[in-house]
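Q: I would like a close look at a single part of this protein. Please describe how the helices there pack against one another and which side chains take part.

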Amino acid sequence: SPEERPRDARTAPTGLIGRSAGMLDVYKQIAHAANASAPVLIIGESGTGKELVAKAIHSNGRRSSRPFVAVNCGAITESLLESELFGHMRGSFTGAVSDAKGLLEQAHGGTVFLDEVGETSAALQVKLLRALEEGEIRPVGANRVVRIDVRVVAATNAELEQSVEVGRFRQDLYYRLSVVVIRIPPLRDRRSDIPLLVDEFLRTSCARAGRERRLSDAALDIFLNYRWPGNVRELENTI
């Protein structure tokens, strides 16, 4: 089992590329988190690969055979996000033509990834806290609760501690989510990984296009000296 044979922390999990000290530390933390059951908070700028880290934690843990369900909390309106996470009953709101399971129930036995969790409203934070503490949810419009067993991995591109200090994020929920904290370094702080990333993205891009291309030394030098505000995602799209 994964608990009996933990991943070699020096080996990059699927989808993650890099051999810098910062990334080796991330791999080590993934190996540690995968073999635990506590909630994980991943902190990193946009484009650093937070969902890849979440998937690696799931796929290398004992819940790997169960669902991995992801939701971007910042991309959905508050009312729809509540329905997405907790589900709803038919007729509970306009357009609810049938009962629907929420993502937390769909992830039963597995992992739910809450990206940009800091964007959730105060009311939704209360419901998330109850779901984590009680292991149960109440679908929108329901008069019953549903028992769930999920491992929560959350992510944010901002320091939630600052949001807690100014009252935008509940302190008790923050402590509940941040039992294990993994910080992903921005690409500008791990420039030694850029040639590896370039090689991989160029290889896959050329394979799709059916042709061979390489990056000149001069072009690579430009890549190495650029700050990459969009991180790995920007680099991949540039290639």
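A: The following account begins with the whole chain and then turns to the packing around helix α8.

The model is a predicted one. The protein contains 10 helices and 9 strands, and its C-alpha atoms fill a box of roughly 65 × 45 × 40 Å along the principal axes. Of its 239 residues, 44% count as buried. Where contacts join residues at least 6 apart in sequence, 72% of them link residues at least 24 apart.

Helix α8 covers residues 194-209, and helix α10 covers residues 231-238. Helix α9 comprises residues 217-225. Helix α8 has contacts with α9 and with α10, and the two contacts are taken in turn.

Helices α8 and α9 pack with their axes 10 Å apart, at an angle of about 120 degrees. The two helices are therefore classed as oblique to each other, since an angle counts as roughly perpendicular from 65 to 115 degrees and as roughly antiparallel over 145. The crossing of α8 past α9 is right-handed. On the α8 side, the contact is formed by Ile194, Pro195 and Val198, and on the α9 side by Leu220, Phe223 and Leu224. By class, this contact consists of 6 nonpolar residues, with no polar and no charged ones.

Leucine 220 merits separate attention within this contact. Its place is in helix α9, and its relative accessibility of 22% makes it partly exposed, because the buried class requires a value under 20%. Once neighbours within four places in sequence are set aside, leucine 220 touches Pro195, Val198 and Leu215. Leucine 220 and isoleucine 194 are 26 residues apart in sequence, yet their C-alpha atoms are 8.7 Å apart in space.

Phe223, another residue of the α8 and α9 contact, also belongs to an aromatic group. A search of the whole structure finds 4 aromatic pairs. In one of them, the ring centres of phenylalanine 223 and tryptophan 228 are 5.3 Å apart with the planes at 65 degrees, so this pair is edge-to-face; the cut-off for that class is an angle over 60 degrees. Tyrosine 226 and tryptophan 228 form a further edge-to-face pair, at 4.6 Å from centre to centre and 85 degrees between the planes. Through such ring pairs, Phe223, Tyr226 and Trp228 are linked into a cluster. The members of the cluster vary in accessibility: phenylalanine 223 is buried at a relative accessible area of 12%, tryptophan 228 is buried at 3%, and tyrosine 226 is partly exposed at 37%.

The second contact of α8 is with α10. The axes of these helices come within 9 Å and cross at roughly 45 degrees, and the pair is therefore oblique. Here too, α8 passes its partner in a right-handed crossing. Leu197, Val198 and Phe201 of α8 meet Val232, Leu235 and Glu236 of α10. The residues of this contact divide into 5 nonpolar, no polar and 1 charged.

Taken together, the two contacts place Val198 of α8 against α9 and also against α10. The contact of α8 with α9 contains no charged residues, whereas that of α8 with α10 contains 1.

Definitions and conventions. Residues numbered from 1 in each chain as written. Predicted model: local features only at pLDDT ≥ 70, side-chain atom pairs only at ≥ 80, totals over all residues. Heavy atoms only, no water. Axes fitted to C-alpha atoms, helices over the stretch in contact; angles between N-to-C directions. Helix = DSSP H or I, 4+ residues; strand = E, 2+ residues; numbered from the N terminus. Parallel < 35°, antiparallel > 145°, perpendicular 65-115°, else oblique. Left-handed = near helix turned anticlockwise from the far one by under 90°. Contact = heavy atoms within 4.5 Å. Nonpolar A, V, L, I, M, F, W, Y, C, P; charged D, E, K, R; others polar. Phe/Tyr/Trp six-rings, centres within 6.5 Å; stacked < 30°, edge-to-face > 60°. Buried < 20%, exposed > 50% of the residue type's maximum accessible area, 1.4 Å probe, protein only.
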